[in-house]
Amino acid sequence: MMEKIQIKRESKKFNENDIVRVAVAHGDGIGPEIMNATLKILDAAGANIKADPIEIGEKVYLSGNSAGIEKSAWQTINKNKIILKAPITTPQGKGYKSLNVTLRKSLGLYANVRPVTAYSPYIETNFPNMDVVIVRENEEDLYAGIEHQQTQDVVQCLKLITRPGCEKIVRYAFEYAKAYGRKKVTCMVKDNIMKLTDGLFHNVFKEIALEYPEIESNSEIIDIGSARLAAHPERYDVIVTSNLYGDIISDIAAEIAGSVGMAGSANIGTNVAMFEAIHGSAPDIAGQKIANPSGLLNAAIMMLNHLGKTNIADTIKNAWLKTIEDGYHTADIYQEEISKAKLNTIEFANKIIENLGHKPTKLPVSNFAAGKGKIEIPKYVRKQQEQVLVGVDVFINWQGNNPQEIGDALSNIDSFKMKLKMITNRGVKVYPNGLPETYCTDHWRCRFVDAESKTEGQTVYNAIEFEKVIALLSKLHNAGFEVIKTENLYEFDGKRAFSLGQGE
Ligand code: NAD
């Protein structure tokens, strides 16, 4: 039996009338204005949300706290497990850590869920039928933040993709589709190039898709996928992708849907969830009381739905939709020929409050209450695999520019039955038999394998002892080579688990 972790909203932990304490960050810039408007609407709708304020953002940064969050805020978050967050301003300059990244990673908020819908003709867009949900992995990938300068010429950033990370996010996307009546999940990756990392994401997607035969699934390479999303967003339903790609395509989606001020997003973890607008603190209009509170309100609606307060979520969403279709708009979405009135933030909130209990007649009516089932993410179970060391990539800082020279020198190293198999520079094979045209930096990846490994067509790798790697490194060091890092080469269950050099 697989142990299930339940996410609160779907486990219907709260009833519509329960009082729920939420950690509320009023944020910076327009943050306090849109938060006050949002809380006023929630209050008027009887959402029974008790806001426990937390101090995060610019003031905290400028007080010398480089993380931008007070200890007391962590305590409130820990107690309440739900955060409603207005945008914050990250001060310019070095040394300030991104609060969003800190919150997402520290709290294990692995799924960033961003529904982007067009509200045409009330909000101007070229894509009136757009209604897409982007489910972005939120914790790993290139955002693990592991970067090094290794030589004078070369810096690197590690792209970490994990099986548990892929399983959680992909399953979340399918479960989301099931719970919200969505028909299709599209995976976007670049596994034609990154065969191991994006390949893992894609393989997990294909495995998990089989468990949801009722939901259509397909995969696209991220470059053409994002181009198609920008040109034909109405063709997409749910998109699941890794952190960096998701960051980019969710901004593309929000931009083409109309106003950056409209969309909310959820950051979902196993125990904690955080809800926020997708836009920033808009310092250019801060204090003018004209900001559109819709992004934060939509985030709050997602929060209510997550908590199990689906009827109240629908009531507020429908009142908001009615307000939009009746033409009561904030300045950012005001259109002379369509809008009836240009309202400031609080006037707009008051109009929504007036509309509580009413439904839109032209825009689709919100019906979270009809959502089916629970989102359940099984706890990750690591399958045992046989892991066999078959070689090592030794990265060497070498200032020469003739691959033959370093290749011959390394081939002559007497290294306890390990032999140099090849050298690459920036991933391209330059030894043996490189091309003179290949540009070489000072960063040489030198692959050593067991001397008896045979290459006839494909290489058959022999297992090696790690002691041989240590001895090799010692020999290289004594021969005057500067080893800057090593990467062990493994087979898992007999399958090569490292990439070949380009041209190998
Ligand atoms: P922004 O989203 O704040 O503003 C971009 C443009 O959109 C501005 O012209 C702004 O006036 C407008 N806009 C944004 N939200 C609006 C709303 N609700 N109503 C009406 N107009 C709105 O992006 P930016 O200017 O690049 O960033 C400003 C600050 O926000 C920066 O300090 C940035 O670091 C921060 N930021 C925070 C978050 C967050 O806390 N989640 C996200 C993005 C940016």
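**Exercise 1.** In this predicted model, find which residue follows helix α5 and give the sign of its phi.

*Solution.* The residue after α5 is Gly 181. Its phi is positive, near 65°.

**Exercise 2.** Check whether the length of α5 agrees with the span expected at 1.5 Å a residue.

*Solution.* Step one: α5 covers residues 163-179, which is 17 residues. Step two: the expected span is 1.5 Å times one less than the number of residues, so the helix should span 24 Å. Step three: the C-alpha atoms at its two ends are 24 Å apart, and this agrees with the expected value.

**Exercise 3.** Identify the residue that caps the N-terminal end of α5, and the contact involved.

*Solution.* The cap is Thr 162. One of its side-chain oxygens lies 2.8 Å from the backbone nitrogen of Gly 165.

**Exercise 4.** How many residues of α5 are buried?

*Solution.* Buried means under 20% relative accessible area. Of the 17 residues in α5, 12 are buried, so the helix is mostly covered. Among them are Gly 165, Cys 166, Ile 169 and Tyr 172. For Cys 166 the relative accessibility is 1%, and therefore this residue counts as buried.

**Exercise 5.** Count the disulfides, using a cut-off of 2.5 Å between cysteine sulfur atoms.

*Solution.* The count comes to zero disulfides. Take Cys 157: the nearest cysteine sulfur belongs to Cys 166 and is 17 Å away, so Cys 157 is in no disulfide. Next take Cys 166: the nearest cysteine sulfur is that of Cys 187, 8.9 Å away, and Cys 166 is in no disulfide either. As for exposure, Cys 157 is partly exposed, at a relative accessible area of 30%.

Technical notes:
Residues are numbered from 1 along each chain as its sequence is written. This is a predicted model: local features need pLDDT of at least 70, side-chain atom pairs count only at pLDDT 80 or more; totals for chains, interfaces and linings use all residues. Side-chain values use heavy atoms; hydrogens and water are left out. Helices (H or I, at least four residues) and strands (E, at least two) are DSSP runs, numbered from the N terminus. Buried means under 20% relative accessible area, exposed over 50%, partly exposed in between (1.4 Å probe, protein chains only). A polar contact is a pair of N or O atoms within 3.5 Å; within protein, one must be able to donate a hydrogen and the other to accept it, and residues adjacent in sequence count only if both atoms are side-chain atoms.
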